[in-house]
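Me: Could you take a close look at one part of this model for me, the side-chain contacts around a single histidine, and then walk me outward to the charged and aromatic pairs elsewhere?

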Amino acid sequence: MNPPTTPNPRPARTTPGTRPAPEAPPPLLRTVTGPRPLHTITGPVLPHEHLALDLDRTGEDAAVLDHRHAPAVTAELTGLREEFGLGLVVELTCRGMGRDAAALARLSRASGVAVTAATGWYYEPFHTPDIDGSSVERLAETLVREIDDGIGATGVHPAVIGEIGSHGDEPSEPEARVLRAAARAALATGLPVATHAGLGRGGRAQLALLTHEGLAPDRISIGHQDLLADPATHRELAEAGAYIAFDTVGKEHYLGDDTRLRLLLALLDAGHADRALLSCDISRHRYLWSEGGPGYGHLFRVFLPRLRAAGADEELIDLLTRRNPLRLLTGADPGPRTAYASRSSPGAGPAPRPDPRTPQEP
């Protein structure tokens, strides 16, 4: 029920000679099709995905999503918007990963799903030549310039710095420089930093480097933590204030969803529901639903119903899938969901749909 309104309310009293402080403008999201008010994202968010990328280094053409896959990507996003109210995809393909901002804008318009773009550098094997010999200051300037001026001539402005990568328990020297530059660019622009921690390792070192530069932990998401079966590390990072990304949901060949669910429940039970993020990290065309993979919708079709069955109510689901990622992106909490009603009852998943996939090879 909406609270009653008072017609023609009296102006607020002010001290003579002063004026009321102006209200802060509503937070805006930098999407690939232009700024969008935060309150318009009323459905769930996928905070770590790839819609267009090229990570192929072998010639096998496996780690690629390009124009050949755009119809399938569009169909998936459209279906998720219609079935689950998908409101936003945070696309974390950055420099050296085959980023295509113009393609992201086309996919967003075609599917009706808002999309944000990213800037930064992935882990060392994918570093671009401009990193060699560049100082932290110069790298930070490169990021700030792209954030302020846009990606090439596309007019698309990044909304997040990521996925900033490292592998192992400690980043390599170039990876450390990139992490430090990302933190400085984040401080200069207000954007958050999302990391790639290879197989979940190195999160502590990433957080230490980023915060040493002065970046607040609540502007940082540590990636791929659902690949690290170490609840103590998850708690430590969350207690420090960072977001913990369980962002490879459905990638059973890395770690089973049974373990992933157990790790998430441990984090929730420790009181850190406001620091968990959930996504699927679709990064190869064989992961697409149309090619027999889990697809972008595995989170909604399979994992969230299991989380509901474990006791999660719709308020918690909304916190995990909408409020947390939007708070990371903008620094503002959008508040409880009022305009979006779940299509499934608590404890039950959505009604199954026919499976159009072809059988997978063993």
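Reply: The side chains of H253 and Y287 are joined by a polar contact of 3.1 Å. This is a predicted model, so please read every value here as computed from it. H253 belongs to the loop between β12 and α7. Once neighbours within four places in sequence are left aside, the contacts of H253 are R286 and Y287. Is H253 buried, partly exposed or exposed? With a relative accessible area of 48%, H253 is partly exposed, because the buried class ends at 20% and the exposed class begins over 50%.

The loop that holds H253 has a charged residue to look at next. K251 lies in the loop between β12 (243-246) and α7 (257-269), and K251 forms a salt bridge with D281, with 3.2 Å between the closest N and O atoms. D281 lies in the loop between β13 (276-278) and α8 (298-309), so this pair ties together parts that are 30 residues apart in sequence. Both ends can be placed by their accessibility: D281 counts as buried at 7%, and K251 counts as buried at 5%.

Let me widen the view to the other charged pairs. A search of the whole structure gives 20 salt bridges. Among them is the pair of R99 and E146, whose closest N and O atoms are 2.9 Å apart. R99 sits in the loop between β6 (88-91) and α2 (101-111), while E146 is part of helix α3 (residues 136-149), so the bridge ties together parts 47 residues apart in sequence. E146 is buried, at a relative accessible area of 8%. These two residues also belong to a wider group: salt bridges that share partners join R95, R99, D130 and E146 into one network.

Another pair runs from helix to helix. E236 forms a salt bridge with R204, the closest N and O atoms being 2.8 Å apart. E236 lies in helix α6 (residues 231-240) and R204 in helix α5 (residues 203-212), and the pair links distant parts of the chain, 32 residues apart. Here E236 is partly exposed, with a relative accessible area of 38%, and R204 is partly exposed as well, at 42%.

Arginines also turn up over aromatic rings. R275 lies over the face of Y243, 4.5 Å from the ring centre. The charged end of R301 is placed over the ring of W289, at 4.4 Å from its centre.

That brings us to rings paired with rings, and the count of aromatic pairs is four. One of these joins Y122 and Y123 edge-to-face, at 4.7 Å centre to centre with 70 degrees between the planes. Both Y122 and Y123 are buried. Y123 also pairs with F126, again edge-to-face, with the centres 5.4 Å apart and 70 degrees between the planes. F126 is buried, as is Y123. Which residues make up the aromatic cluster? Y122, Y123 and F126 form one cluster, with Y123 taking part in the pair with Y122 and in the pair with F126.

To return to where you asked me to begin, H253 has its 3.1 Å side-chain polar contact with Y287, and R286 is also in contact with H253.

Terms used
Residues numbered from 1 in each chain as written. Predicted model: local features only at pLDDT ≥ 70, side-chain atom pairs only at ≥ 80, totals over all residues. Heavy atoms only, no water. Salt bridge = Lys/Arg side-chain N within 4 Å of Asp/Glu carboxyl O. Helix = DSSP H or I, 4+ residues; strand = E, 2+ residues; numbered from the N terminus. Buried < 20%, exposed > 50% of the residue type's maximum accessible area, 1.4 Å probe, protein only. Phe/Tyr/Trp six-rings, centres within 6.5 Å; stacked < 30°, edge-to-face > 60°. Lys NZ or Arg CZ within 6 Å of the ring centre and 35° of its normal. Contact = heavy atoms within 4.5 Å. Polar contact = N/O pair within 3.5 Å; in protein donor to acceptor, adjacent residues only side chain to side chain.
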